[in-house]
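Here are my notes on the inside of this model, with the sequence and structure alongside. I start with empty space and then move to packing.

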Amino acid sequence: KQWYQRRVAITAGELKGGFAQYTEQVVKIMVPLLKFYFHDLIRSAAAEALPYLLESVKSKGDDYVRQMWNYICPELLKSLQAEAEPDILAVIMESVASCIEVLGVGYIDGLQMEELIEALKQHLKKNYDKKEKSTDCDSALIPLLLLSGYF
C-alpha cells in the first residue's frame, strides 16, 4: 500500500495540474489513512502525499483549493495531535509545513492556526517532560552506581 501511496505522490508532484482530475478521489483515500495505526509507513506515506495533491489542484482555482484544504486540515491536525511515533510525527510535521508553504497566504484560518500551535506545544511539552524525567533518573542513579563500585 505504501509503495502505491508514494507513487501517487510522485506522480501528482510531477504532473501538477495534469493530476488535478484525480486528486479528489485520491485525497478521499489518503486522508483516512492518516489514522491507519496498524502500519507506520502507511500513515507516513499518506502525510507525505498531501502537499503534492494540494499543489496539483491549484489549477482548479482558489475555491477548490480551499475546499480541499478544509477537508484535509482537520484530519491532518488530528493526526499531528495523536501521533506517538517520533519518526512519523516528524513526517506529519513536515507535511503540515509543506501544505502551508504550497497554499501560501490566506488559506489557514485562525482556528486552524490555533489548533496547529496547540498540537505543537503539546509535543514540545511532552518531549521536554520526557527529557526532564530522564535527567532526574540519571542523576538519581549516579550515587547508586558509585556506591556499587561500578565506576
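The points below cover the cavity, its lining and the nonpolar core.

1. Bear in mind that this is a predicted model, with local features needing pLDDT of at least 70, side-chain atom pairs counting only at pLDDT 80 or more, and totals for chains, interfaces and linings using all residues. Residues are numbered from 1 along each chain as its sequence is written, and side-chain values use heavy atoms, leaving out hydrogens and water.

2. The whole structure has one cavity of 30 Å³ or more. A cavity here is a set of points on a 1 Å grid over the protein atoms alone where a 1.4 Å probe fits but cannot get out. The largest cavity holds about 40 Å³, a volume being the space filled by probe spheres set on the points.

3. Who lines the largest cavity? Trp69, Cys73, Leu77, Val96, Ile100, Ile108, Gln112 and Leu116 do, lining residues having an atom within 4 Å of a point. Seven are nonpolar, one is polar and none is charged. H4 (62-82), H5 (86-103) and H6 (110-147) are helices (DSSP runs of H or I, at least four residues) that each supply at least two lining residues; H4 gives the largest share, three.

4. The largest nonpolar core (buried residues, under 20% relative accessible area, joined through side-chain atoms within 4.5 Å) has 37 residues, and Trp69 is among those touching the most other members. H4 also gives this core its largest share, nine residues.

5. Look at Trp69 itself: its contacts (heavy atoms within 4.5 Å) include Leu54, Tyr107, Ile108 and Gln112, not counting residues up to four places away in sequence.

Notes: On a 1 Å grid over the protein atoms alone, a cavity is a set of points where a 1.4 Å probe fits but cannot get out, and a pocket is an open set with protein on both sides within 12 Å along at least five of seven lines; lining residues have an atom within 4 Å of a point. Ala, Val, Leu, Ile, Met, Phe, Trp, Tyr, Cys and Pro count as nonpolar, Asp, Glu, Lys and Arg as charged, and the others, Gly among them, as polar. Buried means under 20% relative accessible area, exposed over 50%, partly exposed in between (1.4 Å probe, protein chains only).
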